[in-house]
Amino acid sequence: MPSTELSDFLRIAIDIQATPFPGIHIADGVAVATDGVMLVAKKFDVVFLRGEGAISPKAAKALAALAEETWIGSVAVVGNRVTVTARSTRYEENVGEVAGEYCEVKLPEFYCPRAPVARMLAVLTDESRGWVQIVENPRIKNVKEWSVKEFVALVSNPREGYELFRLKDIDDEHRYSVAQLRKGLRLFGKNSRLSVRRNAKGWLAFGDQWGYTFAVTPFVKHN
């Protein structure tokens with residue numbers, strides 16, 4: 001049985017991470033990836049995801065591939081070292097392939113600079129930045145339908161069950177890339193109940209009941 005929750009997050013995180021913050025950053029059971037404009041995070045059980053450090057893009061790809069093939073029991077990170085427990089299989093006469101024991105797998109260590117996870121997440125709750133909740137469980141269907149070349153803005157009065165975005169107008173101060181929104185909103189499944197917050201600079205933060213977070217900064221109109 002594959003660990004799809006882990007592999008799906010890693011695939012999205014790998015797609016988003018970039019210089020100056022390459023890799024997947026781990027601390028206190030939280031995995032974070034960012035390129036400085038977008039950020040994705042997932043809160044895992046601290047028994048499942050342990051330690052502190054940075055999983056390099058190469059190691060993250062290897063871990064994602066393993067998680068797509070078998071059940072992962074735990075992931076331990078110390079600096080750039082990653083140790084995984086993964087379920088094996090064995091053959092039984094008259095039965096075939098059955099689940100086996102958990103085996104310890106040490107991934108190759110690849111250098112990756114570490115980033116301050118707590119500080120990055122604190123930015124998303126810092127009251128001095130003017131964060132306010134703007135809506136619960138809006139629709140985001142339009143984002144999936146518009147061209148990735150489009151830019152959008154928030155509707156003037158976001159409401160639960162109604163579309164959150166509209167195509168940008170020439171006078172909109174804050175604009176969001178459809179391409180960037182699509183990348184990050186892949187985190188959330190059909191059963192996610194989204195909570196959306198915005199700060200004074202137009203940053204958006206999406207979260208759900210499963211511990212996923214996606215944040216994105218806007219393009220700002222300059223006069």
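The following paragraphs go through the nonpolar cores, aromatic rings, salt bridges and a few single residues of this structure, which is a predicted model.

The nonpolar interior comes first. In soluble globular proteins, nonpolar side chains tend to be buried together. Here the largest nonpolar core has 51 residues, and F9, I24, F165, L181, F206 and F214 are those with the most contacts inside it. Helix α1, residues 4–16, supplies the largest share of this core, with seven residues. Apart from it lies another core, made up of twelve residues, including V32, A115, M120 and L124.

L181 shows what the surroundings of one core residue look like. Once neighbours within four places in sequence are left aside, L181 is in contact with V143, V152, F165, Y176, F206, F214 and V216. Three of these names, F165, F206 and F214, also appear among the residues with the most contacts inside the largest core.

The aromatic rings can be taken next. A pair of aromatic rings is described by the distance of the centres and the angle of the planes. The count of aromatic pairs comes to five. In the pair of F44 and F48, the ring centres are 5.7 Å apart and the planes stand at 35°, so the pair is tilted. The reason lies in the cut-offs: planes under 30 degrees apart count as stacked and those over 60 as edge-to-face, so an angle between these falls to the tilted class. Both F44 and F48 are buried. F206 and F214 form a stacked pair, with 5.7 Å from centre to centre and 15° between the planes. F206 is buried at a relative accessible area of 1%, and F214 is buried at 0%. These two residues are in contact with L181 as well.

F44 and F48 also belong to a wider group, since F9 joins them in one aromatic cluster. F9 is one of the residues with the most contacts inside the largest core. A charged residue adds to the picture at F44: K42 lies over the face of that ring, at 5.4 Å from the ring centre. A second arrangement of this kind involves R159, whose charged end sits over the ring of Y162, 4.2 Å from its centre.

Salt bridges are the next topic. The whole structure holds eleven of them. R11 and E68 meet through their side chains in one such bridge, at 2.9 Å from N to O. The pair links distant parts of the chain, with R11 in helix α1 and E68 in helix α2 (residues 57–69), 57 residues apart. R11 has a relative accessible area of 36% and E68 one of 35%. Both values lie between the 20% limit for buried and the 50% limit for exposed, so the two residues count as partly exposed.

Where do R193 and E160 lie? R193 is in the loop between α5 (178–185) and β12 (195–198), and E160 is in the loop between β9 (151–154) and β10 (165–167), so their pairing ties together parts that are 33 residues apart in sequence. The closest N and O atoms of this salt bridge are 2.9 Å apart. R193 counts as partly exposed at 38% relative accessibility, and E160 counts as partly exposed at 45%.

R166 and D169 form a further salt bridge, at 3.5 Å from N to O. R166 is partly exposed, with a relative accessible area of 27%, and D169 is partly exposed as well, at 43%. Salt bridges with shared partners join R166, D169 and D172 into one network.

Two single residues complete the account. S74 is placed in strand β5, residues 72–79. Is S74 buried or exposed? At 10% relative accessibility, S74 counts as buried. Its side chain makes a polar contact with the side chain of T85, at 2.8 Å. Beyond neighbours within four places in sequence, S74 is in contact with V47, F48, R50, T83, V84 and T85. Among these is F48, a member of the aromatic cluster with F9 and F44.

A118 lies in helix α3, residues 117–122. This alanine counts as exposed, at 58% relative accessibility. The C-alpha atoms of A118 and W203 are separated by 18 Å, and the two residues are 85 apart along the chain.

Terms used:
Residues are numbered from 1 along each chain as its sequence is written. This is a predicted model: local features need pLDDT of at least 70, side-chain atom pairs count only at pLDDT 80 or more; totals for chains, interfaces and linings use all residues. Side-chain values use heavy atoms; hydrogens and water are left out. A nonpolar core is a set of buried Ala, Val, Leu, Ile, Met, Phe, Trp, Tyr and Cys residues joined through side-chain atoms within 4.5 Å. Buried means under 20% relative accessible area, exposed over 50%, partly exposed in between (1.4 Å probe, protein chains only). Helices (H or I, at least four residues) and strands (E, at least two) are DSSP runs, numbered from the N terminus. Contact means heavy atoms within 4.5 Å. A salt bridge is a side-chain nitrogen of Lys or Arg within 4 Å of a carboxyl oxygen of Asp or Glu. Rings of Phe, Tyr and Trp (its six-membered ring) pair if their centres lie within 6.5 Å; planes under 30 degrees apart count as stacked, over 60 as edge-to-face and the rest as tilted. A charge sits over a ring if NZ of Lys or CZ of Arg is within 6 Å of the ring centre and within 35 degrees of the ring normal. A polar contact is a pair of N or O atoms within 3.5 Å; within protein, one must be able to donate a hydrogen and the other to accept it, and residues adjacent in sequence count only if both atoms are side-chain atoms.
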